[in-house]
Amino acid sequence: MSLTRKLILLITSTVFMITLIAAGWGFYVSNHQLDELFDAELAQSTRIVQGLVEHLSSTQSIEQLAFTLSKTLELPDVLFQGDEEEDEILPDGAGHKYERKIAFEVWSPDQQPVLDTLRANDAQGLEPGFAWQEAAGYQWRTFTMRDTSTGFWIRTAQREDVRDELSQEIALGNVLPFLLALPLLAIAVLASIQVSFKPLRKLEKPVRNMAPENIHPLDDRQAPKEVAGLVHAVNGLLRRLNQALERERRFSADAAHELRTPLAALRLNLEKVYGDNPEQYGDLIQAVDRMVHLVEQMLLLSRVDSGAQFPPEHHNLSAILEQSIADVAPLALKKNIEPVLQDETGHSLVSCHSALINTLMRSLLANAIQYSPPHTIITTNLVPAGEGYAISVCDQGPGIPAEERERALSRFVRLDQRKGGGAGLGLAIARRIAELHGGHLILADRADGQPGLCVQVWLPARCPALTKRS
Amino acid sequence: MRILLTEDDHPLANTMLSMLRDDQNTVDWVDDGQQALNALLNESFDLAILDLTLPRVDGLDIVRQVREQGVELPIIILTARSELTEKLQGLDAGADDYLTKPFAMSELKARIRAVTRRRSGTRVSGLKVGRLVLDPDSAQLQVGTETFVLPRSELQILHYLMRHPDQVATRRRLEEQLYGWDQGAESNALEVHVHHLRRRLGKQAIRTVRGVGYMLDSKAASEGQEI
C-alpha cells in the first residue's frame with residue numbers, strides 16, 4: 001500500500017473517530033444540561049399555574065375555577081388535528097404547535113380532576129416531584145406539586161420528544177461540520193503529502209538516470225530528514241559500486257598488460273622458428289594472432305561494459321564512417337570484396353566518442369568481410385532518421401536466419417563454427433557501443449530481398465547518457 | 001648499430017635480443033628503469049627500445065629525463081596498453097615512436113629503420129612503390145622507363161598515396177592535402193585528378209573505394225599494367 005493512501009486513511013479515520021467521540025460526549029452533556037433546564041422550566045410553569053389556582057380558588061367555586069382554567073390552558077382542538085410537520089406557528093396566530101407538547105393537570109384537594117389538558121385521567125397515586133408518565137401514546141416528563149394553602153394538586157407535563165429533538169439537533173449541529181469537512185480534510189492531507197514527498201521524487205530522477213559510467217552520490221541536502229539515512233546508505237552503496245567498477249576497469253588494463261607481454265614473447269619466438277617449418281609455425285602464428293585478437297576484444301568489451309570514462313565530443317559521423325571503411329577496406333579488397341559508402345548526409349554532427357564509433361563500424365565491417373564470398377559488395381548507408389542517424393551495413397553473404405539473430409548478438413557466439421578468426425564478440429561489442437550512446441542495433445534482412453545480412457544501427461544526434469556528464 | 005633494450009619480461013627480452021642481433025646489431029639489455037637511465041645518460045647508443053612499465057623508474061620518466069639531459073638518440077617505446085592516451089603521453093614525453101604488444105618483428109624493424117632514418121637526417125630522395133618512383137621536390141614521376149612531370153595537384157595526391165601504400169586515403173584527407181581546410185574546390189576536382197593519374201600509372205594502380213576514397217595498390221603498381 002502506498003504511503004499516501006496509508007496516511008490519508010489513517011488521518012481521516014482518526015479524525016472521524018475523534019469526531020464521533022466528541023459528538024457522543026457532546027450529546028450526553030447537552031442532554032444532561034437540557035434535562036436540567038427543562039425540568040427547571042417545568043417546575044416554574046407549575047408554580048405559575050399554582051399561583052393562578054391559588055388566586056382563583058380564593059374567589060371562585062371549583063366549577064368556575066375549572067372553567068376559567070380550561071379556558072386559559074385547554075388547547076384548541078385544531079392543535080390535536082393536523083400533521084406534526086406543519087408550520088410551527090398556527091396560521092391564525094392562535095398558538096404554537098409545540099403547545100400541545102405541554103400539558104397541565106389540576107386536581108381539587110379531594111383529588112377530583114379540575115383540569116386535564118393531558119387527557120390522561122390518572123388521579124390515583126399523586127405524588128409531588130418529577131416523574132415519567134405515558135399518555136396519548138407519548139412519554140411525558142411530569143412535575144407534580146401540592147399547593148399547601150389550598151390543597152390543590154397541580155401537575156405540568158412535557159412531551160419527551162421535545163427534549164430529544166433539541167438535544168439531537170444540538171449534537172448533530174456539533175458533528176455535522178466535522179463530517180462535511182472530512183472530504184476537504186482528505187484533500188488537504190493529500191495535497192500536503194504531495195508537497196512533502198516532492199523532495200523524494202527529486203531524489204528519484206538522478207538514480208533513474210545513473211549509468212555505470214556515470215555514478216555520482218545523491219545530493220543529501222535535498223533529502224528530507226526522514227530519508228536522510230536512506231540517502232546516506234544509498235550513497236554508500238553507490239560509492240562501493242563505483243569502487244567495484246573502478247577495480248574492474250583497472251583489472252582490464254592490468255590484464256591487458258599481463259597478457260600482452262607473454263603473447264609478444266610467444267609470437268616473436270614463433271616468428272624466429274617460422275623459417276624452419278613455415279606450414280606448421282604459420283598456423284601457430286595465426287593461432288596466436290587470433291588469441292591476441294580475442295584478448296583485445298575481451299578487454300575492449302570489459303572496458304565498454306564497466307563504463308570507462310568516455311567524454312563525448314561533437315564529431316562528423318560521415319568522417320568517422322569514411323575512416324572506418326578506409327581502415328578495413330584493404331582487407332576487403334584483398335578478398336575481392338568491395339566496400340561502398342552511401343552517405344546521404346555529407347555532414348552529420350553527433351555527440352559521441354569517435355574511437356568507439358570507429359570500433360563499432362570496424363566490428364560490423366570485419367564481420368561482414370568475414371562472411372562475404374568474393375566478388376560481392378558490402379554497402380554502408382548513412383541517412384538521417386528522427387533525432388539521429390541510421391547506419392546500415394549490408395553484405396551479400398549467407399545472412400542469418402531470423403530465429404538465430406538474437407543469439408548472434410550474444411557474446412562468444414559464432415554461428416558458423418567453420419569460419420574461424422573471430423571471437424564471436426564483434427556484434428556484441430557493436431551493440432554495447434550503440435547502447436552506450438543511447439542508440440540501438442538490430443539484425444535484419446536486406447531491403448532488396450537478396451540474401452545477405454543488414455546490420456542496422458541507430459544513433460541519436462545528442463547522446464543522452466554521455467551529454468549528461470559534460 | 002648499438003641498441004639498448006629495456007624490457008623486464010625475460011622471455012620476451014631474450015627473443016628480441018637474439019632477433020635484433022641476427023641483424024648485425026650490438027644489443028645491450030637491462031631489465032629495470034634505473035639501470036636503463038644510467039646507461040642512456042652515461043653511454044652512447046644509436047637507439048633505445050623501452051618498455052613503459054618497468055621496475056624502479058617508469059618508462060615515461062626515463063624518456064623525460066633523458067630528453068631533459070639533452071640526449072638525442074631515437075627512442076621507441078613498447079606498451080602493453082592499447083589506450084590512446086598512453087601512446088600520446090609517450091610521444092609527448094619525447095619518444096619517437098611506439099609499438100603495442102604483441103607485435104611482429106618485421107614491424108619493429110620497420111619502425112627502427114624509420115626512426116633512425118628520420119634522426120640521421122638522411123632525406124629519402126625518392127619515394128618508391130613497385131614500379132613507381134616519385135621525387136616530390138622536382139615533381140618527377142618515374143613509371144618503369146617513362147618519366148612524367150606531375151602538375152601540383154596530382155603530385156600532392158600521389159605523394160600522399162605513395163607515403164601510405166595499400167591504405168585507403170579518404171577523400172576528406174586528400175582534399176585537405178590539396179586545399180587545406182578551405183573547401184573551395186569543385187566537388188569532382190579530386191576525381192578528375194585521380195583520373196589523370198590513372199592514365200599515367202595504369203588503371204589498377206589506384207583503386208576506388210566508392211563513397212570513401214582511394215588506395216594505391218602496391219601489387220598492381222609492381223605488375224605494371226599499362227593503360
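The following paragraphs lead through a predicted model, beginning with chain A, continuing with chain B and ending with the contact between the two chains.

Chain A contains 10 helices and 12 strands. Of its 470 residues, 27% count as buried. Among contacts in chain A between residues at least 6 apart in sequence, 64% link residues at least 24 apart.

One helix of chain A, α3(A), runs over residues 160–208 and comprises 49 residues. At 1.5 Å a residue, α3(A) should span 72 Å, and the distance between its end C-alpha atoms is 69 Å, which agrees. The helix axis nevertheless bends: a kink of about 40° is located at K198(A), shortly before the proline P199(A). Three residues of α3(A), namely S167(A), A171(A) and L203(A), are buried.

Helix α9(A), covering residues 426–436, is mostly covered, with 10 of its 11 residues buried. Among the buried residues are the glycine G426(A), the arginines R431(A) and R432(A), and L436(A). Just after this helix, G438(A) adopts a positive phi of about 80°.

A single position in helix α2(A), residues 62–73, illustrates a contact between parts of the chain that are separated in sequence: L65(A) belongs to this helix. L65(A) counts as buried because it has 23 C-beta neighbours inside 10 Å, where the threshold for burial is 20 or more. When neighbours within four places in sequence are left aside, L65(A) is in contact with L56(A), S57(A), Q60(A) and V114(A). The last of these, V114(A), is 49 residues away from L65(A) in sequence, yet the two C-alpha atoms are 7.9 Å apart in space.

V114(A) falls within strand β2 (113–116) of chain A, and the loop between β1 (102–107) and that strand holds Q111(A). The phi of Q111(A) is near 65°, a positive value in a residue other than glycine. With 12 C-beta neighbours inside 10 Å, Q111(A) counts as exposed, since the limit for that class is 12 or fewer.

Chain B offers a counterpart in backbone geometry. Q24(B) has a phi near 65°, again positive in a residue other than glycine, and is found in the loop between α1 and β2 (26–30) of chain B. Q24(B) is exposed, with 7 other C-beta atoms within 10 Å. A further backbone feature of chain B is the cis peptide bond from K101(B) to P102(B), whose omega is near -10°. P102(B) is situated in the loop between β5 (97–100) and α5 (105–120) of chain B.

Two packed helices are described by the angle between their axes and the distance between the axes. In chain B, the axes of α6 (residues 152–163) and α8 (residues 189–201) come within 10 Å and cross at roughly 80°. The angle therefore makes α6(B) roughly perpendicular to α8(B). On the α6(B) side, S153(B), E154(B), I157(B) and L158(B) take part, and they meet H193(B), V194(B), H196(B) and L197(B) in α8(B). By class, this contact has four nonpolar, three polar and one charged residues.

Finally, the two chains touch: 28 residues of chain B are in contact with 29 residues of chain A. On the side of chain B, the elements giving two or more residues are α1 (10–22), β10 (168–170), β11 (206–209) and β12 (213–216). The largest share, five residues, comes from α1(B). By class, this side of chain B has 14 nonpolar, seven polar and seven charged residues.

Conventions
Residues are numbered from 1 along each chain as its sequence is written. Chains are lettered from A and ligands numbered from 1 in the order in which they are written. This is a predicted model: local features need pLDDT of at least 70, side-chain atom pairs count only at pLDDT 80 or more; totals for chains, interfaces and linings use all residues. Two residues are in contact if their C-beta atoms, placed from the backbone, lie within 7 Å. Helices (H or I, at least four residues) and strands (E, at least two) are DSSP runs, numbered from the N terminus. Ala, Val, Leu, Ile, Met, Phe, Trp, Tyr, Cys and Pro count as nonpolar, Asp, Glu, Lys and Arg as charged, and the others, Gly among them, as polar. The expected span of a helix is 1.5 Å times one less than its number of residues. The bend at a residue is the angle between axes fitted to the seven residues ending there and the seven starting there. Axes are lines fitted to C-alpha atoms, for helices over the stretch in contact, and angles run from 0 to 180 degrees between N-to-C directions. Angles under 35 degrees count as roughly parallel, over 145 as roughly antiparallel, 65 to 115 as roughly perpendicular and the rest as oblique.
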